[in-house]
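Open the structure in your viewer and keep the selection tool at hand. This short tour goes from stop to stop and says what to look for at each one.

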Amino acid sequence: MCILIEKLLHIHAGLYRYEPKMTQEDLVYFLTVEYNRVGAETHITPREIIRDFIELLNKYGLKGTFNLNSGLMPEKKNENDRVSLEEICSLYEGHEVAVHTVHHPFLEKMPISAVTTEILDDRRNLEKYLNYPVRGMAYPFGTYDKHVFDACRACGIKYSRTVEAHRGFDLPTE
């Protein structure tokens, strides 16, 4: 598992052209904490891993964007192993939260009215708990077409991301 985490660190650093500050010891410590939790063999949850990952980002002064599907999140904490909507304001403080649609569908296969609903409802749900405007989005599955792009703009989305790497920090022109 440590090799996988290390490779992910180097892929991210290479993609965004920075020198990783996390040491092998930091990575081992992260995994050790995760796997030594009481009940870890059956109770490591996505919520705990996300919380610990954000702690690591904060420790090194790194910022992240977290694209959330509000329809896949419980409203209240502890309803399941996912981060809840009521936790997002404090958990992601200092980081960006962006739209990822309510249910994570293939948007380009939907009618424009359904696309708009997925985007706007996710944005409204997130903004209700964050208390600030959400302006970014990542396309579910990284796929989109012109009508999805146009719907994003109509919904007030200022930028959208896909899984295609552009290897730069320039602001998108579209």
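Select Asn 67 and look across to strand S2: the residue standing opposite is Ala 98. You are looking at a predicted model. Now show the two strands together. S1 and S2 run parallel, joined by four bridges.

Stay on S1, residues 65–68, and turn on the side chains. Which ones are buried? Phe 66 and Leu 68 are, and they point to one face. Thr 65 and Asn 67 point to the other face and are not buried.

Next, select Leu 68 and its surroundings. Leaving out residues up to four places away in sequence, Leu 68 touches Met 73, Ile 88, Tyr 92, Val 97, Ala 98, Val 99, His 100, Thr 101, Asp 122 and Leu 126.

Widen the view to the largest nonpolar core, which has 28 residues. The members that touch the most others are Leu 68, Ile 88, Tyr 92, Ile 119, Leu 126 and Met 137. Colour the elements that give two or more residues to this core: helices H4 (46–59), H5 (88–91), H6 (112–130) and H7 (146–154), with strands S1 (65–68) and S2 (96–99). Which of them gives the most? H6 does, with five residues.

There is also a second, separate core, made of eight residues. Select Leu 9, Met 22, Leu 27 and Leu 56 to find some of its members.

Now show H6 and H7 alone. Their axes come within 10 Å and cross at roughly 45°. The two helices are therefore oblique to each other, and their crossing is right-handed. To see the contact, pick Ile 112, Val 115, Thr 116 and Ile 119 on H6. On H7, pick His 147, Val 148, Ala 151 and Cys 152.

Move to helix H2, residues 24–35, and select Val 33. Val 33 has 31% relative accessibility, so it counts as partly exposed. Add Asp 52, which lies 19 residues away along the chain. Draw a distance between the two C-alpha atoms: they are separated by 9.0 Å.

Finally, zoom out to the whole protein. How many helices and strands are there? The protein has seven helices and four strands. From the N terminus, trace the order α-α-α-α-β-α-β-α-β-α-β. Colour by burial next: of the 174 residues, 39% are buried. Last, look at contacts with a separation of 6 or more: 61% of them join residues 24 or more positions apart.

Technical notes
Residues are numbered from 1 along each chain as its sequence is written. This is a predicted model: local features need pLDDT of at least 70, side-chain atom pairs count only at pLDDT 80 or more; totals for chains, interfaces and linings use all residues. Side-chain values use heavy atoms; hydrogens and water are left out. A nonpolar core is a set of buried Ala, Val, Leu, Ile, Met, Phe, Trp, Tyr and Cys residues joined through side-chain atoms within 4.5 Å. Buried means under 20% relative accessible area, exposed over 50%, partly exposed in between (1.4 Å probe, protein chains only). Contact means heavy atoms within 4.5 Å. Two strands pair if DSSP finds at least two bridges between them. Axes are lines fitted to C-alpha atoms, for helices over the stretch in contact, and angles run from 0 to 180 degrees between N-to-C directions. Angles under 35 degrees count as roughly parallel, over 145 as roughly antiparallel, 65 to 115 as roughly perpendicular and the rest as oblique. A crossing is left-handed if the near helix is turned anticlockwise from the far one by less than a right angle, and right-handed if clockwise.
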